[in-house]
Amino acid sequence: MLSRFAALCTRATLLLGAALLPGCSDGPWNNPNPESPPGLLTYQSVMSPLPPKHLDPALSYAADESLFLMQIYEPPMGYHYLKRPYELLPLGVEDFPLISYTNAAGEPVDPDTEAVAFSVYEMTVRADARYQPHPAFALDDQGNPRYRFTDPAAGRQYRQISDFPELGSRPVAANDYAYAIKRLADPFNASPMLGFMAQYIVGMEAFSERLKDIPRDGWVNLDQYRMDGLEVVDERTFRITIKGRYPQFSYWLAMHFFSPIAPEVDRFFHNPGFLDRNLTLDWWPVGSGPFMMVKNDPNSEIVLERNPNFREDYFPTEGAPGDAEQGRLADAGKRLPLIDRAVFRLEKEVLSLWTKFLQGYYDRSGESHGNTNRVFDQAFVVGPDGVELGAELAEHGITVAPDVKPAIYYYGFNMRDPVLGGYSEERRKLRRALQIAFDTEEYLNIFYKGNGIPAQSPIPPGIPGFVEGEAGINPYVYDWVDGAPQRKSIAHAKQLLAEAGYPNGRDARTGEPLKIFIDVQSQAISSTSMNWMDRAFGRIGVQVEYRPADWNRTREKLLTGNTQIFSHGWLADYPDPENFLFLLYGPESPLICQCDGANNASYERPEYDELFRQMRVLPPGTERDALVARMVELYREDAVWLFGYYPKDIYLNNPWVHNNKRHGISKNTLKYVRIDDELRERKREEWNQPVIWPLYAMSALLIALLLPGVIAYRRRLRATARQ
Amino acid sequence: MFAYIVRRLLYAIPILIGVNLLTFTLFFVVNSPDDMAASQLGDKYVTPEAIANWKQKNGYDKPLFLNSQAAGVGQVTDTIFFDKSVRLFAFDFGRSESGRDITTDVATRMWPSLAVALPTFLVGIGVNICVALMVVMFRGTRLDRGAVFVFVALMSISYLFYIIGGQFLVAKTWRLVPISGFHTEGQVWKFLVLPVLVGVVAGIGAGARWYRTLFLEEANQDYVRTARAKGCSELSILFRHILPNALIPILTGVVVLIPSLFMGSLLIESFFGIPGLGSYMLDAINSQDFAIVRSMVFIGSILYIVGLLLTDISYTWADPRVRLS
């Protein structure tokens with residue numbers, strides 16, 4: 001019986017092998033990617049650890065979602081791909097907005113006068129802007145929408161957009177931009193932009209209030225309702241009226257919230273039964289950008305393909321200084337996009353992402369990945385010349401594309417805290433002592449492999465107001481020594497501490513040791529970094545206690561001011577100092593505005609607030625620069641944040657990927673990516689030859705394990721009763 | 001037996017209500033509707049109006065359990081708990097916080113879960129039983145003692161170690177299969193080999209040791225001695241006599257798991273990128289999507305109850321002396 005069993009096992013193994021081996025013949029065995037459609041140059045990338053939650057431009061407000069939206073939609077404005085500082089350009093419209101100013105009576109006034117009550121932005125849609133082919137635009141013989149159902153059963157055979165056989169398209173109209181803004185105002189959409197934009201766009205709040213009372217049974221045609229601040233002048237021209245002067249509004253026009261939405265698309269997705277099959281605008285964006293979504297499986301992958309109706313767009317012929325020398329203009333003048341298809345696969349685990357990237361199955365280490373720190377831990381090693389790429393990466397010809405993000409991560413002091421807060425000279429000295437003790441350079445080298453720049457002010461590089469060199473250092477924390485900033489000594493910090501009333505870290509009046517409390521998000525801090533901080537503050541005799549909590553609890557503490565030192569971060573919406581300096585604007589304190597204000601330190605200095613109000617309405621120029629410099633000086637003087645750093649956005653590119661310059665603000669850069677497909681195929685084949693010997697070794701081991709058992713069994717069968 | 005099944009199904013209703021109440025309470029103790037709204041709306045410019053709009057849109061603008069503003073039955077029915085829970089019993093799971101239809105997602109995702117869980121389950125049982133029977137054959141010998149030592153060692157190793165070790169060796173170093181992923185287009189099997197292998201190997205220690213204990217108990221019974229005295233071979237004794245007689249405890253541990261196979265495995269699916277229900281649940285917990293968590297807990301409870309019922313029914317098949325009443 002045993003031999004029959006063994007024979008059966010052998011036969012089963014052979015059959016299984018025969019079934020599996022033919023599958024192994026085409027390409028490397030470990031290739032996780034299905035074959036791309038023939039003739040389409042495909043870019044392979046990853047999604048962040050979680051799939052996007054929203055792809056409706058009115059609802060989405062996350063960088064990983066913007067990665068898709070900005071390839072599909074074209075808002076009115078955009079950014080130059082290569083030039084730095086970031087340069088705003090018309091994208092969906094023909095030219096920069098024509099801005100006119102009026103007084104409260106609607107009469108034109110000079111922009112520099114106090115009488116300005118409204119700013120009117122007039123824009124003309126590009127004549128060649130056209131929507132992607134989509135069933136929402138398909139018409140029947142009578143010119144009526146082809147897919148308009150009254151009964152859920154009528155359209156039940158359509159489960160994905162690719163199931164609709166008939167497609168249509170039309171040019172982008174001015175009304176589509178107006179319709180998109182009305183969608184922002186529709187309370188039913190619960191757009192995160194409504195509260196903020198209603199402060200500026202005339203009539204948005206009233207429009208929103210009015211829509212609250214409208215019965216919701218299916219689609220509501222927003223064109224039937226008027227918003228005072230919106231005017232569609234003709235087929236291609238529209239006007240947006242905002243309250244007062246707000247020069248930063250042009251930057252907002254470069255965000256996906258202002259992308260055009262065709263009313264018939266909105267109507268299409270409100271067909272009965274579509275919602276139950278996840279056929280919604282939130283999952284199937286429809287735009288006029290360079291790519292269109294052809295597959296959206298949030299569980300697995302999102303696939304974009306070239307939009308055949310995309311307007312004529314070309315690779316820029318000029319860039320920032322040094323771009324030409326570094327070959328970044330090699331594709332100058334070429335028609336965009338440079339690839340046909342882009343696949344973004346859901347990758348949750350760092351090991352998988354990293355392995356597939358090194359095996360060549362991902363072209364880049366990621367466009368946006370929540371675990372980047374852990375990814376790049378494996379990429380860099382500390383060598384004799386500092387942090388450098390690991391040997392395996394260098395051998396693969398992998399290149400690094402670093403870019404300092406227009407962002408800041410910081411630990412702030414609660415300026416209302418009875419121990420650390422306040423504006424007296426003693427309190428300032430106390431905070432400065434802590435600032436000096438926290439060696440940001442060492443912290444970044446240890447925990448971020450040097451992928452960050454210690455912040456000298458709230459304004460990161462690339463944003464007007466950032467000052468390099470000696471003039472740009474925080475003189476309260478650094479000295480300029482041998483052409484570089486050098487942190488002041490611990491002895492100096494101790495002296496400041498003593499002057500603040502805490503000699504050797506003890507309260508001069510009570511003798512109690514000074515203990516500071518840091519609120520941290522549990523997921524964002526490790527025990528090693530807490531140990532490091534203990535040691536850092538221990539050097540000046542200060543004790544630390546950590547209060548880890550999840551984000552909800554941390555947010556609650558910030559809203560109620562129940563914190564002493566907290567961690568936070570800010571990623572720029574647009575490249576203007578106002579977008580960073582408002583993090584310290586008094587009325588933005590959650591305790592004052594009773595909202596999720598950005599000034600979590602509750603910094604209140606009347607001079608700063610006044611300067612901010614003046615600065616935010618000034619156009620770029622020396623006057624504005626002077627105000628910004630003074631505000632930065634106040635921030636340094638008051639020592640509002642314990643430390644801050646500008647994170648580096650690091651992406652690794654396999655050698656066949658070109659045009660890797662990162663853009664800190666704009667995400668619509670996929671159209672510039674170029675792939676050398678021949679090199680990619682060759683390298684993949686070369687890097688992924690399977691190692692077969694372990695299979696033989698394991699078989700031999702299995703036999704070696706089984707054999708003694710078989711022998712013992714046979715011996716037992718042949719044994720006599722006495723044996 | 002029919003009456004028994006009906007009675008057991010009726011018992012399930014209060015159990016499901018209790019589970020639902022418990023899930024609801026636990027979730028909202030740590031996560032208020034305001035927290036949910038804030039996390040869904042992002043970190044920037046979140047105004048109280050935006051939070052109020054989100055809550056209204058998603059049906060979280062009512063009291064949790066008791067609506068003192070309402071009259072009569074409305075005090076109970078016009079609440080978040082009632083709104084969100086009652087329709088679960090009609091298998092209407094509603095929408096996730098990001099607006100997707102949960103029923104559609106569950107129906108789509110259960111197949112990848114099953115594709116991994118079913119072979120892991122079947123191969124795992126087969127391997128564990130075979131290994132346990134082999135060890136029982138050599139009971140009391142050094143081979144038996146060595147095997148028990150190996151089983152305990154295998155049990156002591158973290159499941160994560162098997163996953164990461166398997167990925168590192170088989171996929172990264174030897175490049176025999178993809179390290180993760182899942183595609184229905186083309187060769188699905190190559191995405192399943194490693195997770196199934198890891199699942200089976202990780203389960204051998206505990207599984208084989210458990211079956212060994214069951215078989216050892218049977219191996220000392222009189223009928224085994226009789227069979228041996230009749231001249232039956234050891235293999236015949238193991239597979240034809242001991243195995244069928246040890247089925248009751250095996251079924252107790254195994255049949256209850258069958259319906260739950262649809263639910264997938266949190267760890268395996270997450271690490272191997274399998275878009276199944278296990279990773280669905282994990283993502284929902286991470287993104288604080290209560291609608292999904294609630295639905296998955298509800299489905300899990302139902303499947304567990306069905307599993308227990310099936311276990312009882314399977315006893316009658318394994319041992320005709322058992323009668324359900």
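Start by selecting Asp283(B) and Lys348(A): their side chains meet in a salt bridge, 3.0 Å from N to O. Keep in mind as you click around that this is a predicted model. The Asp283(B)–Lys348(A) pair sits among three salt bridges found across the interface of chain A and chain B.

**The A–B interface**

Now show everything in chain A that touches chain B, and the other way round. You should have 75 residues of chain A in contact with 63 residues of chain B. The two chains bury about 6100 Å² between them, and 55% of that is on carbon and sulfur atoms. If you like counting hydrogen-bond-style pairs, there are 16 residue pairs in polar contact between chain A and chain B, with both residues at pLDDT 80 or more.

Colour the chain A side by element next. Helices H1 (2-24), H4 (194-197), H8 (350-358), H15 (551-560) and H21 (693-718), plus strand S20 (565-571), each give two or more residues to the side of chain A that touches chain B. H21(A) has the largest share, nine residues. Recolour by residue class and that side of chain A splits into 39 nonpolar, 19 polar and 17 charged residues.

While H15 of chain A is on screen, pick Arg555(A) and Asp35(B). Their side chains form a salt bridge, 3.6 Å from N to O. Arg555(A) belongs to helix H15 of chain A and Asp35(B) to helix H2 of chain B, so this pair joins two chains. Are the partners buried or exposed? Asp35(B) is buried, at 4% relative accessibility, and Arg555(A) is buried as well, with a relative accessible area of 8%.

**Inside chain B**

Hide chain A for a moment and colour chain B by domain. The assignment gives domain 1 (2-90) and domain 2 (107-318). Put a distance between their C-alpha centres and you get 35 Å. The contact between them takes 22 residues from domain 1 of chain B and 17 residues from domain 2 of chain B. About 1700 Å² is buried between these two domains, with carbon and sulfur atoms giving 72% of it.

One salt bridge crosses this domain interface. To see it, select Asp312(B) and Arg8(B), whose closest N and O atoms are 2.3 Å apart. There are also three residue pairs in polar contact between the domains, both residues of each at pLDDT 80 or more. On the domain 1 side, look at helix H1 (2-30) and helix H2 (33-41) of chain B, each of which supplies at least two residues facing domain 2. H1(B) brings the largest share, 13 residues. By class, this side of domain 1 has 14 nonpolar, five polar and three charged residues.

**Salt bridges in chain A**

Bring chain A back. The whole structure has 61 salt bridges over all chains, so here are a few to visit.

Select Glu499(A) and Lys429(A), which meet at 2.8 Å, N to O. Glu499(A) is in helix H13 (residues 490-499) and Lys429(A) in helix H11 (residues 425-437), so the salt bridge ties together parts that are 70 residues apart in sequence. Glu499(A) is partly exposed, at 36% relative accessible area.

For a within-helix example, go to Glu686(A) and Lys683(A), with 3.9 Å from N to O. Both are in helix H20 (residues 677-687) of chain A, three residues apart, about one turn of the helix. Glu686(A) is partly exposed at 49%, and Lys683(A) is partly exposed too, at 21%.

Then select Glu425(A), Arg428(A), Arg432(A), Arg605(A), Glu637(A) and Asp638(A) together: salt bridges with shared partners join them into one network.

**Backbone oddities**

Switch to the backbone of chain A. Which peptide bond at Pro85(A) is cis? The bond joining Arg84(A) and Pro85(A), with omega about -5 degrees; Pro85(A) is in the loop between strands S2 (77-79) and S3 (88-90). Another cis bond links Leu336(A) and Pro337(A), again with omega about -5 degrees, and Pro337(A) is in the loop between strands S9 (301-306) and S10 (341-346).

Finish with two asparagines that have positive phi. Asn278(A) has phi near 60 degrees, in the loop between helix H7 (263-268) and strand S8 (291-297), and is buried at 4% relative accessible area. Asn504(A) has phi near 55 degrees, sits in the loop between H13 and strand S18 (515-521), and is exposed, at 66%.

How values were computed
Residues are numbered from 1 along each chain as its sequence is written. Chains are lettered from A and ligands numbered from 1 in the order in which they are written. Side-chain values use heavy atoms; hydrogens and water are left out. Contact means heavy atoms within 4.5 Å. Buried area is the accessible area (1.4 Å probe) that two parts lose on being put together, summed over both. A salt bridge is a side-chain nitrogen of Lys or Arg within 4 Å of a carboxyl oxygen of Asp or Glu. A polar contact is a pair of N or O atoms within 3.5 Å; within protein, one must be able to donate a hydrogen and the other to accept it, and residues adjacent in sequence count only if both atoms are side-chain atoms. Helices (H or I, at least four residues) and strands (E, at least two) are DSSP runs, numbered from the N terminus. Ala, Val, Leu, Ile, Met, Phe, Trp, Tyr, Cys and Pro count as nonpolar, Asp, Glu, Lys and Arg as charged, and the others, Gly among them, as polar. Domain bounds come from an automatic or database domain assignment. Buried means under 20% relative accessible area, exposed over 50%, partly exposed in between (1.4 Å probe, protein chains only).
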